[in-house]
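I opened a fresh page to keep track of what I looked up in this structure. Here are my entries, in the order I made them.

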Amino acid sequence: TRKPVPARLWTSTLKRTVRTARHIASPVITRENGEPWVQMKARHWSNLDEIYAGACDGLTYAEIKERYAKEAAARKKNKLAYRYPRGESYLDVIQRLEPIIQEIERHR
């Protein structure tokens, strides 16, 4: 039989991901150095949250097009760089994910 490999569960801070993580078992295993490890213990990172749409948060794309026609057109031209009013762009999201990716790599 294979020994369990220590693993961590990383989620966003959004309620739905925190609630989902509660259903994942977190047994205690013994690491190779003899120390206990809580398997799949959840860590919540705001860096993992979905894009923040600012003034458009909670709206459908149809509602955005109806209420903010110029914004919808600007987003359509360049989705990667488009920043929602008082919100984020996908480039912003990429930048905020960088530190968490480095942290994940550090734990490999």
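**Entry 1: helix α4 and its salt bridge**

Before starting, I noted that helices here are DSSP runs of H or I with at least four residues, numbered from the N terminus. I also noted that I am working with a predicted model.

I began with R106 and E103, which form a salt bridge with their closest N and O atoms 2.9 Å apart. The two residues are three apart in helix α4, so about one helical turn separates them. I then checked accessibility at both ends. R106 counts as exposed because its relative accessibility is 57%, while E103 counts as buried at 17%.

**Entry 2: the other salt bridges**

How many salt bridges does a search of the whole structure find? The search returns four, and I looked up two more of them.

E50 pairs with R16, and their closest N and O atoms are 2.4 Å apart. E50 sits in the loop between β4 and α2 (61-67), and R16 in helix α1 (residues 15-21), so this salt bridge ties together parts that are 34 residues apart in sequence. E50 has a relative accessibility of 44%, so I wrote it down as partly exposed.

The next one joins the side chains of R96 and E88, at 2.8 Å from N to O. Are these two buried or exposed? Both R96 and E88 turn out to be buried.

**Entry 3: the core**

Which residues make up the largest nonpolar core? I found eight: I51, A53, C56, L59, I64, Y82, Y84 and V93.

I followed I51 outward from there. Leaving aside neighbours within four places in sequence, I51 contacts Y84, E88, S89, Y90, V93 and R96. Two of these contacts, Y84 and V93, are listed with I51 in the core. E88 and R96 also appear among the contacts of I51, and they are the salt-bridge pair from my previous entry.

**Entry 4: S89 and R86, in the loop between α3 and α4**

S89 was on the I51 list, so I looked it up next. S89 is in the loop between α3 and α4, and its relative accessible area is 1%, so it is buried. Beyond four places in sequence, S89 touches I51, L80, A81, Y82 and R83. I also took a C-alpha distance: S89 and N78 are 11 residues apart along the chain and separated by 10.0 Å.

R86 belongs to this loop between α3 and α4 too. R86 is exposed, because its relative accessibility is 71%. I flagged the phi of R86, which is near 60 degrees and so positive in a residue other than glycine.

**Entry 5: a nonpolar patch on the surface**

I then turned to the surface. Y61, L80, Y90, L91 and I94 make a nonpolar patch of about 490 Å². Which helix gives the most to the patch? Helix α4 (residues 90-106) does, with three residues.

L80 is one of the patch members, and its place is the loop between α3 (69-77) and α4. With 44% relative accessibility, L80 counts as partly exposed. I had already met L80 as a contact of S89.

**Entry 6: the loop between β3 and β4**

Q39 is in the loop between β3 (36-38) and β4 (41-44). Is Q39 buried or exposed? Q39 is buried, as its relative accessible area is 10%. A polar atom of the Q39 side chain lies 2.7 Å from the backbone nitrogen of A7. Not counting residues up to four places away, Q39 touches P4, V5, P6, A7, A25, S26, P27 and I29.

M40 lies in this loop between β3 and β4 as well. The phi of M40 is near 60 degrees, a positive value in a residue other than glycine. M40 has 24% relative accessibility, so I listed it as partly exposed.

**Entry 7: T11**

My last stop was T11, in strand β1 (residues 8-11). T11 counts as buried because its relative accessibility is 8%. What does the side chain of T11 make a polar contact with? The partner is the side chain of H44, at 2.7 Å. H44 is also among the contacts of T11 beyond four places in sequence, along with T17, A21, R43, W45 and L48.

Key
Residues numbered from 1 in each chain as written. Predicted model: local features only at pLDDT ≥ 70, side-chain atom pairs only at ≥ 80, totals over all residues. Heavy atoms only, no water. Buried < 20%, exposed > 50% of the residue type's maximum accessible area, 1.4 Å probe, protein only. Polar contact = N/O pair within 3.5 Å; in protein donor to acceptor, adjacent residues only side chain to side chain. Contact = heavy atoms within 4.5 Å. Core = buried A, V, L, I, M, F, W, Y, C linked by side-chain atoms within 4.5 Å. Patch = residues over 30% accessible without salt bridge, like charges linked within 9 Å, V, L, I, M, F, W, Y side chains within 5 Å. Areas by Shrake-Rupley, 256 points an atom, 1.4 Å probe, with all protein chains shown as cover.
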